[in-house]
Structure formats: structure tokens, C-alpha cells
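Open the model in your viewer and keep the sequence panel beside it. We will go from stop to stop, with something to select at each one.

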Amino acid sequence: MKIITDIPRYIPEFRQIITEKNRDFVGREFVFTAIDNFLHKCHRGYFTIIGEPGIGKSSILAHYVSQNPGVLYYNVELAGKSHPAEFLTNICTQLREIAQYQGIKSFPSNFPDATTENSSFLSSLLQQVSDKLNLEQRLIIVIDACDKINMNQQTRGANIFYLPRYLPEKVYFILSRRPFVKDKSGLLIETPWESLDLSNYPEQNRLDIQKYWQNYLNTHNIDHQLLTQITEEESNFMYVKEILTAVNHQVDSDHLQTYYQQHLDKMNLMTNKQQKMAALVLTMLIETASISVETIAARLDVDEYDVKVILDKWREFLHLESTTTGINYSLYHRSFRNWLTQIN
């Protein structure tokens, strides 16, 4: 299997984030193996990497792109990149570079106004490029941080970023996103698809974290004894990276506090119409390490349905655990929970 060639050229902001996220990268071979298996067994399709905040999704995709020149890349998390118009214009521009390399003379030099209104134009370009691919080539488009997409900027009920419902042969989308409620995925597709939830690989995550941790200690000559905040069971790359950086520079991890504040701001925005009850539910999550919908509802004397609505809206920030009696919810990382405890 081959990617087309060493194109396209990414905009400077994308090049910068690929370089930054790929720095000190280690492991994650189980993810790349899963992607390769999907590409080999399916003749087209969508592959989604799902993971809680800070578990390393962006770094995985940055490394994949750096190791596979010719993959199209888009990052939603950057300022101004959450709108479908920006995505479609950028990706269609990258596709034009590939079409020029392929010698497609009919490929439009100017994009019509309808380019950003639905998936029709993008689908047409994908088909043109697909038709020119040989048996060994693949067109792969990576979209990082799909949970950041601004759904208010597109037609209600449409796929996120107007992604095509159908794909031509040898065309693949690799997405990353935080956990979501399945019936609210924002994607209606009729093409092969597969997802890999990083939370289902705790041992692999732990071993990769330890490898990253050890490499950092060796490179920066940090005393292992100073890292009392990191446990052997740690599986969140963001947390470990921030703690290592803070210890290395002998400063507090202000970036981690800002990161958590962004979480809380988004949670409040999601439940602004249930503000009072949401505050009570959050208090329950802070005070109890793991708790069920039924327990929260009973303690607050409210309807279970109303509690579930709030938890569903916060799904990307929660860890779900199956028990003998049902599902228990907890905040996705102990450090986020500790921070919430301090500010409440």
C-alpha cells in the first residue's frame, strides 16, 4: 500500500502543530497496527480514534502524518478551524495539489460558492482523485479533534463538516475525537467504518506512558524522586507531560490549570439550561470517585432521566465503568477532579 506522494503542503499552523505534537513521541504501535489492518481489509472507509482528553490522540495523528507523507491533514482545535467552510476550502485546496500531481486537467482551479455548503463538491473531487489512483495507492485524510467542530455553522442534521456519506474506492478518513454518545456521533455513513477506543487498551497506554516518562528523564536528566505526582498506573499523556515540564523548569503547571478551566467552561456551556441541577451533579462527581445515575438521582431526589441528560452532555469528560449493577460514571482523570475540588 502506498500514499500518493510527498504532498500536499500544509499551512504553517498545521506544520507547527504536527512538529510540536510529534516531539518526543513514543509507542502507540497498537493504534498504527489497527489503522493499517483497516486500510488493508477495507477498500474505503472511516476509522475513528476515540479517547479522553489528554490521552494522546493528537500526537498519534501527528506522528502518523509525519511517517506517511502525502496524507491530507486538518486540525479542528486551532483557532478559526472549527467551521465547515474553513475545512472544506482547506481540504479541497490540498486535493487540488494532488490532482495537479496526477495530471487531472479537468480539476477546477477555482472553487464554486457551493463548495462550503454541502459535501457534493468534496465528493466530486474525491472521486476524480480516486479514479487516478493505481491499485497500490490510497488517499487518506486525517481530521484531528472532531469534538471541536462548531455544529452551529452547518445545516442541522448534516454530517460533521459535511463529510461524505459515501466514499469512492481507496479513499479513507481517519478521525480523532473525545468520547461521545453513540446516537449523537454526527455521522451518517454508508461505507466501511471502524473505531478504536483507547480506553480499551489500559495496559498498552500505561506501558507507552512509562516509555515516554523514562525517555524524558534520560533526555532532561531529572531526578526520578521528584516525580511523586506521577504513579506507575498513569495513562494520561497530557498530565504526565505537564508535570515533567513543570519539574524540569521548576515552575507550576499553569497550562494544566488553563486546560481544566476550558473543560469546565465547556461543561457549563453544554448545560447552561440546567445550570442548577448540573452544579449539583458535578458536586456528586467531585465528591464520589465512581457513581451511578440511579445513586445521583436518589441523593438529589430528582428524575434519573434528567441526570442522564446532563451526563450525556458531559460524555467527553467522563469515564464509564461497567459494574454488575449497571454503569458508573467518574471524571476522566483524578487531576481534573482534584482541580475541581480546589476551586469549589
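What follows is a walk through a predicted model, from its pockets to a helix and then to some single residues.

**Stop 1: the largest pocket**

Start by selecting Asp-147, Ile-149, Met-151, Lys-184 and Met-270. Among the 34 residues lining the largest pocket, these are the closest to its centre. The volume of this pocket is about 1,400 Å³. Now colour α8 (254-270) and α11 (304-313), the elements that give two or more residues to the lining. Which of them gives the largest share? That is α8, with 6 residues. If you colour the lining by class, you will find 12 nonpolar, 10 polar and 12 charged residues.

**Stop 2: the second largest pocket**

Next, select Lys-21, Ser-58, Ser-59, Met-238 and Lys-241. They lie nearest the centre of the second largest pocket, which has 37 lining residues and a volume of about 880 Å³. Several helices take part here: α1 (12-22), α3 (57-67), α6 (202-220), α7 (237-249) and α8 each supply at least two residues of the lining. The most comes from α7, which gives 7 residues. By class, this lining holds 13 nonpolar, 11 polar and 13 charged residues.

**Stop 3: helix α11**

Go back to α11, which you coloured at the first stop, and show the side chains of Val-307, Ile-310 and Leu-311. These are the buried residues of α11. Look down the helix axis: the buried residues fall within an arc of 95 degrees, so they line one face of the helix. The general rule behind such a pattern is that an α-helix has 3.6 residues a turn, so residues three or four places apart point the same way.

What covers the buried residues of α11? Show α9 (275-287), α10 (293-300), β8 (318-323) and β9 (326-331), which are included in that cover.

Now zoom in on the N-terminal end of α11. Asp-303 caps this end, with a side-chain oxygen 2.7 Å from the backbone nitrogen of Tyr-305. Is Tyr-305 buried or exposed? Its relative accessibility is 59%, so Tyr-305 counts as exposed. For a sense of scale, draw a distance from Tyr-305 to Gly-45: their C-alpha atoms are 35 Å apart, with these positions 260 residues apart in sequence.

**Stop 4: around α10**

Select Asp-301, in the loop between α10 and α11. Its phi is near 60 degrees, a positive value in a residue other than glycine. As background, most residues other than glycine have a negative phi. Asp-301 has a relative accessible area of 70% and is exposed.

Step back to Leu-300 in helix α10. Beyond its neighbours within four places in sequence, Leu-300 is in contact with Leu-280, Val-281 and Met-284.

**Stop 5: Thr-271**

Move to the loop between α8 and α9, where you will find Thr-271. Why does Thr-271 count as buried? Its relative accessibility is 1%, and the cut-off for buried is under 20%. To see its surroundings, show Ala-278, Ile-310, Lys-313 and Trp-314, which Thr-271 contacts when neighbours within four places in sequence are left aside. You have already met Ile-310, as one of the buried residues of α11.

**Stop 6: Ser-130**

Now select Ser-130 in helix α5 (residues 120-132). With a relative accessibility of 5%, Ser-130 counts as buried. Follow its side chain to the backbone oxygen of Glu-169, which it reaches at 2.6 Å. Then add Pro-168, Lys-170 and Val-171, which are also among the residues that Ser-130 touches, not counting those up to four places away in sequence.

**Stop 7: Gly-51 and Arg-28**

Gly-51 sits in the loop between β2 (45-50) and α3. This glycine is buried, at a relative accessible area of 2%. Draw a line from its C-alpha to that of Arg-177: the separation is 6.6 Å, although these two residues are 126 residues apart along the chain. Leaving out residues up to four places away in sequence, Gly-51 touches Lys-57, Arg-177, Arg-178, Pro-179 and Leu-198.

Finish at Arg-28, in the loop between α1 and α2 (29-41). Arg-28 is not a glycine, yet its phi is positive, at about 65 degrees. At 2% relative accessibility, Arg-28 counts as buried, whereas Asp-301 is exposed.

Note on methods. Residues are numbered from 1 along each chain as its sequence is written. This is a predicted model: local features need pLDDT of at least 70, side-chain atom pairs count only at pLDDT 80 or more; totals for chains, interfaces and linings use all residues. Side-chain values use heavy atoms; hydrogens and water are left out. On a 1 Å grid over the protein atoms alone, a cavity is a set of points where a 1.4 Å probe fits but cannot get out, and a pocket is an open set with protein on both sides within 12 Å along at least five of seven lines; lining residues have an atom within 4 Å of a point. Grid points are joined across faces, edges and corners, and a volume is the space filled by probe spheres set on the points. Helices (H or I, at least four residues) and strands (E, at least two) are DSSP runs, numbered from the N terminus. Ala, Val, Leu, Ile, Met, Phe, Trp, Tyr, Cys and Pro count as nonpolar, Asp, Glu, Lys and Arg as charged, and the others, Gly among them, as polar. Buried means under 20% relative accessible area, exposed over 50%, partly exposed in between (1.4 Å probe, protein chains only). The arc is that of the directions from the helix axis to the C-beta atoms. Contact means heavy atoms within 4.5 Å. A polar contact is a pair of N or O atoms within 3.5 Å; within protein, one must be able to donate a hydrogen and the other to accept it, and residues adjacent in sequence count only if both atoms are side-chain atoms.
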